[in-house]
Amino acid sequence: MVALLYNTINTMKKTTLLLILATAFATAEGKIDHLLPKPKITTISEGHFTLNKKVRITAEENTPLLLEFAEICGGTTNSKSAPEIVVEKVASIDGAYDYTLAGYPDEAYSLKIEPRKVTIKATTETGVIRAVQTMMQLSEDYDGTPALECAEIVDWPAFKLRGFMHDVGRSYIPIEEIKREIELLSRFKVNTFHFHLTENQAWRFEVKKYPQLTADSSMSRFPGKYYTQEECRALETFAAERGVTIIPEIDMPGHSAAFKRAMGHSMQSDEGVQELKNILDEVAATFPLAPYIHIGADEESITYPGFLKTMTDKVHSLGKKVIVWNPIRGVRISADAGFDMTQMWSTAGRKVAGIPNIDCRYNYVNHFDIYADVAGIYKSSIYYSQRGNNEIAGTITALWNDRKLPTPQDIIVQNNLYTNVLASCERAWKGGGTQYIEQGGTPLHSHTPEFAEFADWERRFLFHKAHSLKNEQIPYVKQCNVQWSITEAFPNGGDADKILPPETEGCKAIYTLDGKEYGTRVATGAGIYLRHTWGGIVPSHFATPQTGTTAYAWTYIYSPVAQKAGAQIEFQNYGRSERDYAPDAGKWDRRGSRLWLNGNEILPPAWDNSGKSIDNEKDLLNENFTARPITPIELRKGWNKVFIKLPNNPDGGIRLNKWMFTFVVTDCEGKNALDNIIYVPNLP
């Protein structure tokens, strides 16, 4: 085994260097090549449809987003000599796949771009919107010549539901921020916003019949922050114009401490049940376009007789369908019980036969790191399915905030919102995925088709980060060119400081300790899990990681000049839902990790919560690299060695045992990967 690993590393040296050189200096060749998600069928032709003059629109009905797009072109005109955009409603799009999901129409479209004419064909207005969103991506004026490349595109989604969720009950997000996210994400065909409006900490939906629900005294977090019904109606209209469905959630009977504080009694009481019925009246009237109302129903025992039946009957009487979390404590979910769709969460969530299910099981990004988990979720199929069907609706990326963060911007950045949502939703649009994440895990294996697919997604995502998303704080930088050698784990006898062979013998392919050989293996990425957050459930670098051991990782970085740079460094990604201790002063984490650059140790920052238990109501501050200034480093001309010591000696201060590290070199501001360097796991 060790000999095989050694030979593999040797044979990879030249090919790895060539691969990295090719990707490091490659340039984008065309705007069609930047589309995200990637279309199913694309045929590029000669010429451009220029966008600096008025256009004539020929369509049976005006699509607001198409009219907005026309403004990019300079407005509309009735002149027959003007360039034309034609919209044709058709019975079907040849070759497109579709299935029935209530409230979600067919999104297939074809788009033919010629020098003087653009023709959109779709079966529904939603399909027209998707075509316009493709045109908007193609129209961005990157090079000073606003134009659409001539091409013919035929496209449709593999999964009909592709969304994101904000837990605004725990942590308020301003309505304008939500609106901006819908505006930006919808350009990439994200089509659902799950609006989790109520929690133990606060009730954020205005109920005119019960104003006490949104009173300051009823909220334990961000008091006084809530959404008026007028704001919600306007948001729904805005979203619908962009083909985005809003799913409002009123959590019942669990997660309802704010309700009890306001009303003076439990939801599971005669008074509470009647009040919930009245509340649902106002929810349905405020979100008239919403096909579903989510009623939560998880993590609380049902004690009131017929509670869920009463609530589902009420929702149905309002002309809406019911979504519940899955599993529900002590309740068997079925269509016969009145549930129309489930949202699977945790490993216990399982597909319910006969009704649609949303896969949210491993898409709780409050547990995600910035790098490895993005790769894991992108590689993964959606609940073992290559495309959607009557029982697999799609996926939602969920941002939970059990733990308090100081600002809404912290929620966006620390949860890596744009990266995670766009990785997940491209997978849902494209379909496929070679394995479910329970099988494939997070590792990126170079020289495989799934690595090439992820690298292509990364290239396109970073292009949009630099353009349409340039005003957003996105911590993710290029990682597909980052490669490491990682040793097998040496026993350390419970001593995280124990000096082991890699520290005394240098970087080698094989070591011997107490008569046993220990090899090395190559890993790819800026973030590496040696043991994943969910342990053996989600595969990581080590198949069976053991505590009381130490692994070592290293990479060599070639810099053509001596230069100052930054480095994103992290050894414990603090989830936004855990009550954990911050690192002690002078330590990177609570297991003893250390890092050297060219033999000089890089020390951790001064922790704002040093040594303290960060409970749910204490702000998570600079524990994650996304919430602190970039670490400054200096690269010398030529080869630079990064060497990392990784003991797996957790001290019990962290609930979820993440054995991991993050390291990637950036510009001095930390905004982008340094683009003139090369990483190799071993010197050529």
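Which residues are linked with Asp-33 in a network of salt bridges? In this predicted model, the network that holds Asp-33 also takes in Lys-38, Glu-426, Asp-456, Arg-459 and Arg-460. The structure as a whole holds 36 salt bridges, and a few of them are followed below, after a word on confidence.

The mean pLDDT of the protein is 94, and 95% of its residues reach 70 or more. Over residues 1–30, however, the pLDDT is below 50, although this stretch still has 41 contacts in the model beyond near neighbours in sequence. Where pLDDT is low, the predicted coordinates should not be read in detail.

Two members of the network, Asp-456 and Arg-460, are also among the buried residues of helix α13. This helix covers residues 449–465, has 17 residues, and reaches 24 Å from its first C-alpha to its last, close to the 24 Å expected at 1.5 Å a residue. Its buried residues include aromatic side chains such as Phe-451, Phe-454, Trp-457, Phe-461 and Phe-463, and charged ones such as Glu-450, Glu-458 and Lys-465.

Side chains of opposite charge can pair when their charged atoms come close. One such pair is Asp-281 with Lys-314, whose side chains meet in a salt bridge with an N to O distance of 2.8 Å. The two residues belong to distant parts of the chain, Asp-281 lying in helix α7 (residues 270–286) and Lys-314 in helix α8 (residues 307–317), 33 residues apart. Asp-281 is partly exposed, with a relative accessible area of 31%, whereas Lys-314, at 18%, is buried; a residue counts as buried when its relative accessible area is under 20%.

Glu-578 and Arg-655 form another salt bridge, in which the closest N and O atoms are 2.5 Å apart. This pair also links distant parts of the chain, for Glu-578 sits in the loop between β21 (563–570) and β22 (580–581), while Arg-655 sits in the loop between β27 (638–647) and β28 (659–666), 77 residues apart. Here the two partners have opposite surroundings: Glu-578 is buried at 5% relative accessibility, and Arg-655 is exposed at 60%. In the salt bridge between Glu-505 and Lys-508, the closest N and O atoms are 2.8 Å apart; Glu-505 is partly exposed at 38% relative accessibility, and Lys-508 is partly exposed at 32%.

From charged pairs the description turns to the nonpolar interior. In soluble globular proteins, nonpolar side chains tend to be buried together. The largest nonpolar core in this model has 157 residues, and those with the most contacts inside it are Phe-195, Trp-203, Tyr-227, Trp-484 and Val-665. Helix α11 (residues 417–430) gives the most to this core, with seven residues. A second, separate core of 29 residues includes Ile-32, Leu-66, Ile-120 and Ile-153.

Among the strands, β20 (residues 549–559) is mostly covered, with 10 of its 11 residues buried. Strand β20 pairs with β27 in the antiparallel sense over 10 bridges, and within this pairing Thr-550 has Pro-647 as its bridge partner in β27. Thr-550 is in turn the bridge partner of Phe-490, and strand β16 (residues 490–491) is joined to β20 by two bridges, the strands running antiparallel. Two bridges also join β20 to strand β15 (residues 483–487), again antiparallel, with Ser-485 having Trp-554 as its bridge partner in β20. Finally, three bridges join β20 to the antiparallel strand β29 (residues 678–680), where Tyr-556 has Val-680 as its bridge partner.

A further set of pairings is built around strand β4 (residues 109–113), which is largely enclosed by the rest of the structure because four of its five residues are buried. Strand β4 pairs with β5 (residues 117–122) in the antiparallel sense over five bridges, and these two strands form a hairpin with three residues between them. Five bridges also join β4 to the antiparallel strand β6 (residues 147–155). Lys-112 can serve as a reference point here, since this residue stands opposite Thr-119 in β5 and opposite Glu-152 in β6.

Methods. Residues numbered from 1 in each chain as written. Predicted model: local features only at pLDDT ≥ 70, side-chain atom pairs only at ≥ 80, totals over all residues. Heavy atoms only, no water. Expected span 1.5 Å × (residues − 1). Buried < 20%, exposed > 50% of the residue type's maximum accessible area, 1.4 Å probe, protein only. pLDDT = per-residue confidence, 0-100. Contact = heavy atoms within 4.5 Å. Salt bridge = Lys/Arg side-chain N within 4 Å of Asp/Glu carboxyl O. Core = buried A, V, L, I, M, F, W, Y, C linked by side-chain atoms within 4.5 Å. Pairing = 2+ DSSP bridges.
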